[in-house]
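Thanks for making the time this morning. I would like to walk you through one model, taking the strands, the pockets and the charged contacts in turn.

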Amino acid sequence: LIDGLNSRIAFQSFSDKAEHPVIEGFVVSENNDTSAVFSTSHFNMGSFYMKPDIKKAPYKVLVNYNGSTYKYQLPDILSSGYVMTTDASDADMLNILISKSPGLPSEPLGINIVSKGQLYGSDSIVVGDENVVSLSFPKRMIPSGVSQITLFAKKGNVLAERKVFVNHMSQMKISSKFDKQSYRPHEKVNMDFQISDYKGNPV
């Protein structure tokens, strides 16, 4: 959390009484002003946006679940830094928004997209006096699955990291057929495979 920069905060709820507990709640400042409202969306996960003010810290999280209220505290707010927000909702592009605190100098930065240990995209940027810059990467450059996006300074220190999920609907379907229903120990097994893509075309 960076003072004065709008951030998307993700969360996940857990309970020993339910597999996917549905919760709702809100974030309040030190003077009990409501700063954000949230609820779970799917699989006990969710997210909300918030612009923290270091003068109103510490912030408390109040969670309502099954008639009870639970209290938590948000992490400490940094006085300056970078915030990176990713948006994978577009069908063709992965959109990235980078914001910096006004007091930070404009300097060259690097950004990498890595999936399964392999680099799939990189770029160099400068966040100027407008304190915000937006980037777009074609999704076709990134494989299906979870990718990590890293923003780093010229010296290599990491400034921000985010994970994003891309789904090209490219999962293969594997079907098999055996020549017998059961086998003796160490008996030879004959099996036929058919592998197709998500549209049913043979691979």
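Before I name any partners, one term: two strands are said to pair if DSSP finds at least two bridges between them. Please also keep in mind throughout that what you are looking at is a predicted model.

With that term in hand, look at Asp87, whose bridge partner in E8 is Asn95. This belongs to a longer run of contacts, since E7 and strand E8, residues 93-100, are joined by 6 bridges and run antiparallel. Stepping back, E7 and E8 sit in an open sheet of 3 strands, with the order E7-E8-E11 and antiparallel pairing. The edges of that sheet are E7 and strand E11, residues 132-138, each of which pairs on one side only. From one strand to the next, the twist averages 20°.

Now to the pockets. Rolling a probe the size of a water molecule over the atoms shows where empty space is left. The largest pocket has a volume of about 710 Å³, and 28 residues line it, with Arg8, Ala10, Ser47, Thr86 and Lys163 lying nearest its centre. Which strands each supply at least two residues of that lining? They are strand E1 (7-12), strand E4 (45-50), strand E7 (82-87) and strand E13 (158-166), so E7, which we met as an edge strand of the open sheet, returns here as a contributor to the lining of the largest pocket. By class, that lining has 16 nonpolar, 8 polar and 4 charged residues.

The second largest pocket holds about 420 Å³ of space. It is lined by 19 residues, and the closest to its centre are Gln12, Ser13, Ile23, Val63 and Tyr72. Here E1, strand E5 (60-65) and strand E6 (68-73) each supply at least two lining residues, and the largest share, 4 residues, comes from E1. The lining of this second largest pocket divides into 15 nonpolar and 4 polar residues, with no charged ones.

Finally, the charged contacts. Side chains of opposite charge can pair when their charged atoms come close. How many salt bridges does a search of the whole structure find? The search finds 1, in which the side chains of Lys180 and Glu187 meet at 2.8 Å, N to O. As for how accessible the two partners are, Lys180 is partly exposed, with a relative accessible area of 36%, and Glu187 is also partly exposed, with a relative accessible area of 22%.

Methods: Residues are numbered from 1 along each chain as its sequence is written. This is a predicted model: local features need pLDDT of at least 70, side-chain atom pairs count only at pLDDT 80 or more; totals for chains, interfaces and linings use all residues. Side-chain values use heavy atoms; hydrogens and water are left out. On a 1 Å grid over the protein atoms alone, a cavity is a set of points where a 1.4 Å probe fits but cannot get out, and a pocket is an open set with protein on both sides within 12 Å along at least five of seven lines; lining residues have an atom within 4 Å of a point. Grid points are joined across faces, edges and corners, and a volume is the space filled by probe spheres set on the points. Ala, Val, Leu, Ile, Met, Phe, Trp, Tyr, Cys and Pro count as nonpolar, Asp, Glu, Lys and Arg as charged, and the others, Gly among them, as polar. A salt bridge is a side-chain nitrogen of Lys or Arg within 4 Å of a carboxyl oxygen of Asp or Glu. Buried means under 20% relative accessible area, exposed over 50%, partly exposed in between (1.4 Å probe, protein chains only). Axes are lines fitted to C-alpha atoms, for helices over the stretch in contact, and angles run from 0 to 180 degrees between N-to-C directions.
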